[in-house]
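Please find below some notes on the model, set out as numbered points. They begin with the whole chain and then move to individual elements and residues.

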Amino acid sequence: MKRTNTFAVRPLSEDGEQLLRDLLDASAALWNEVNYQRLMRYNSEDGFEGGVWDADTGRLEGTYKGVLGASTAQQVIRKNSEAWRGFFGTKNKYHDDSNTSVTEHPSPPGFRGNEDDGRVLKTVIRNTSYTVEWGERSRLEILVGSELKDRYDHTGRLRLEIVGVPNWPNYEKQGRLDLWYDEIDCTFRASQPVTVSNDARDTPLASEKAALDIGANNLVACTTTTGAQYLYKGRELFQRFRETTREIARLQSKLEDGRYSSKRIRRLYLKRTRRRDHAQEALCRDLLERLYSEGVDTVYVGRLTDVLETHWSVETNAKTHNFWAFKQFTERLVCTAEESGISVEVRSEAWTSQECPQCSSTDRTTRHQDTLTCPCGFEGHADLTASETFLKRHTQKAVRPMARPVRFEWDDHNWSESPRSPVRESPKEQRTDPSTVHHDGNVASGDS
């Protein structure tokens with residue numbers, strides 16, 4: 001299995017911190033120069049002939065390898081290439097009339113700040129250019145260039161202490177390390193991709209099924225063949241997302257000509273994204289723990305194209321793509337489900353939100369906010385009804401009578417049951433968090 005250890009790191013001295021900042025700043029500067037060369041060629045500006053792949057990255061690597069080290073300079077350039085390939089892939093989907101997953105024209109990769117306003121401190125380090133040691137004195141050691149070593153009279157690799165205990169300490173191999181400075185928490189963080197043995201995967205307790213209706217007002221409505229129903233509300237999260245988006249737009253309107261961002265704007269973008277990602281991660285773990293205990297081995301998720309074809313609107317698009325990031329959520333769900341041995345299958349959910357479960361009509365039903373009604377006399381919660389219809393459509397197992405649904409609200413840290421639920425649960429135990437940032441760790445030794 002592919003997993004990630006995310007943790008905070010701390011330099012061991014003031015010189016060590018400044019050395020690390022210079023390393024991250026030089027990485028951002030290299031990214032910007034490579035990106036500028038490719039962007040000018042993409043825009044066919046005068047003096048920039050050829051395609052984006054004709055940029056002289058070899059010269060830029062030579063310029064920066066003294067500070068970053070040759071391997072890190074190569075990785076920064078490679079990551080920029082990956083960003084451009086991703087952009088072209090998304091652009092092709094946008095121009096493909098048969099593909100409705102991309103509804104807005106994508107933008108080329110952006111820059112990591114600038115020298116005047118401050119660059120985004122971020123780098124990427126090859127898997128052979130860093131070492132991690134977990135234990136009583138956990139530490140991370142990274143390669144730095146000879147110029148930085150001379151500037152700070154430093155020898156060997158730069159050693160950083162690690163905060164906390166990893167979620168996946170026993171892995172078979174490590175991947176490329178991302179290292180950055182978190183402007184919101186004023187903390188250096190690292191993200192280490194690892195490959196974990198499949199033996200760490202759990203086995204489902206039974207062969208029950210579940211279906212999810214994914215939205216933005218209600219983030220997830222879930223129905224299982226055991227008769228359980230779960231509803232995760234998202235209106236307040238979406239309103240906060242919109243408020244932050246409006247504030248970003250207001251600040252951007254006040255920028256001087258030629259400027260496109262600022263530290264404050266970047267902080268708001270980071271805060272908005274982190275709030276959403278934290279809610280997504282917590283929702284996936286909370287839901288899948290419940291489904292595992294129900295004996296579910298397969299979860300059905302609707303195709304996004306079905307949603308867009310039947311309900312497309314500017315607001316729906318903003319909620320599905322920008323706010324809830326449907327593709328990212330589905331990928332996170334798949335990744336989390338893998339730990340429990342639960343499979344996730346993407347199936348068609350066309351018209352499930354309009355279908356009456358009593359008479360199967362789709363053209364006579366009416367939806368008003370969260371309520372679905374039909375002239376035949378049916379009235380029920382629209383999203384929960386859709387998930388139940390979706391489940392019955394794609395499973396061969398009999399679906400047991402529905403219990404009263406359990407509703408959840410987000411409190412910025414956990415999904416807890418709302419007062420409308422039949423039973424008010426006691427506070428949940430601390431759940432597994434792939435990030436070790438919130439735990440105290442041991443200080444790494446400063447000895448070489």
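1. The model under discussion is a predicted one. Threonine 123 is a convenient residue with which to begin a closer reading, since its place in the secondary structure is assigned: threonine 123 belongs to strand S4, which covers residues 122–125.

2. As for the protein overall, ten helices and 20 strands are assigned, and of its 448 residues 48% count as buried. The exposed surface comes to about 22400 Å², of which carbon and sulfur atoms supply 45%. When contacts between residues at least 6 apart in sequence are considered, 71% of them join residues at least 24 apart.

3. Is threonine 123 buried or exposed? Its relative accessible area is 3%, and it is therefore buried, the cut-off for that class being under 20%. The side chain of threonine 123 also makes a polar contact, at 2.6 Å, with the side chain of serine 27. Leaving aside residues up to four places away in sequence, threonine 123 touches Leu24, Ser27, Thr72, Val76, Leu177, Asp178 and Leu179.

4. Serine 27 appears again in the packing of two helices, H1 (residues 14–42) and H2 (residues 57–68). How are these helices arranged with respect to one another, in angle and in distance between axes? The angle between H1 and H2 is about 175°, and their axes are 10 Å apart; because angles over 145 degrees count as roughly antiparallel, H1 is described as roughly antiparallel to H2. On the H1 side the contact is made by Leu23, Ala26, Ser27, Ala29, Leu30, Glu33, Val34, Gln37 and Arg38, and on the H2 side by Thr57, Arg59, Leu60, Tyr64, Val67 and Leu68. By residue class, the contact of H1 with H2 is made up of nine nonpolar, three polar and three charged residues.

5. Two residues deserve a look at their backbone angles. Aspartate 153, although not a glycine, has a positive phi of about 50°, and it is found in the loop between helix H4 (146–152) and strand S7 (158–163). With a relative accessible area of 72%, aspartate 153 lies over the 50% cut-off and so counts as exposed. Cysteine 186 is a residue other than glycine with a positive phi, here near 55°, and its position is in the loop between strand S9 (177–182) and strand S10 (187–195).

6. Glutamate 388 is found in helix H10, which comprises residues 382–394. Why does glutamate 388 count as buried? Its relative accessibility is 17%, which falls under the 20% cut-off, and so the residue is placed in the buried class. Not counting residues up to four places away in sequence, glutamate 388 touches Thr223, Gln229 and Met402. The C-alpha atoms of glutamate 388 and valine 399, which are eleven residues apart in sequence, are 8.8 Å apart in space.

7. Asparagine 92 is part of helix H3, residues 70–95. At 55% relative accessibility, asparagine 92 is over the 50% cut-off and therefore counts as exposed. What separates asparagine 92 from valine 102, C-alpha to C-alpha? The two residues are ten places apart along the chain, and their C-alpha atoms are separated by 9.4 Å.

Notes
Residues are numbered from 1 along each chain as its sequence is written. This is a predicted model: local features need pLDDT of at least 70, side-chain atom pairs count only at pLDDT 80 or more; totals for chains, interfaces and linings use all residues. Side-chain values use heavy atoms; hydrogens and water are left out. Helices (H or I, at least four residues) and strands (E, at least two) are DSSP runs, numbered from the N terminus. Buried means under 20% relative accessible area, exposed over 50%, partly exposed in between (1.4 Å probe, protein chains only). A polar contact is a pair of N or O atoms within 3.5 Å; within protein, one must be able to donate a hydrogen and the other to accept it, and residues adjacent in sequence count only if both atoms are side-chain atoms. Contact means heavy atoms within 4.5 Å. Axes are lines fitted to C-alpha atoms, for helices over the stretch in contact, and angles run from 0 to 180 degrees between N-to-C directions. Angles under 35 degrees count as roughly parallel, over 145 as roughly antiparallel, 65 to 115 as roughly perpendicular and the rest as oblique. Ala, Val, Leu, Ile, Met, Phe, Trp, Tyr, Cys and Pro count as nonpolar, Asp, Glu, Lys and Arg as charged, and the others, Gly among them, as polar. Accessible areas come from the Shrake-Rupley method with a 1.4 Å probe; for residues, only the protein chains shown count as cover.
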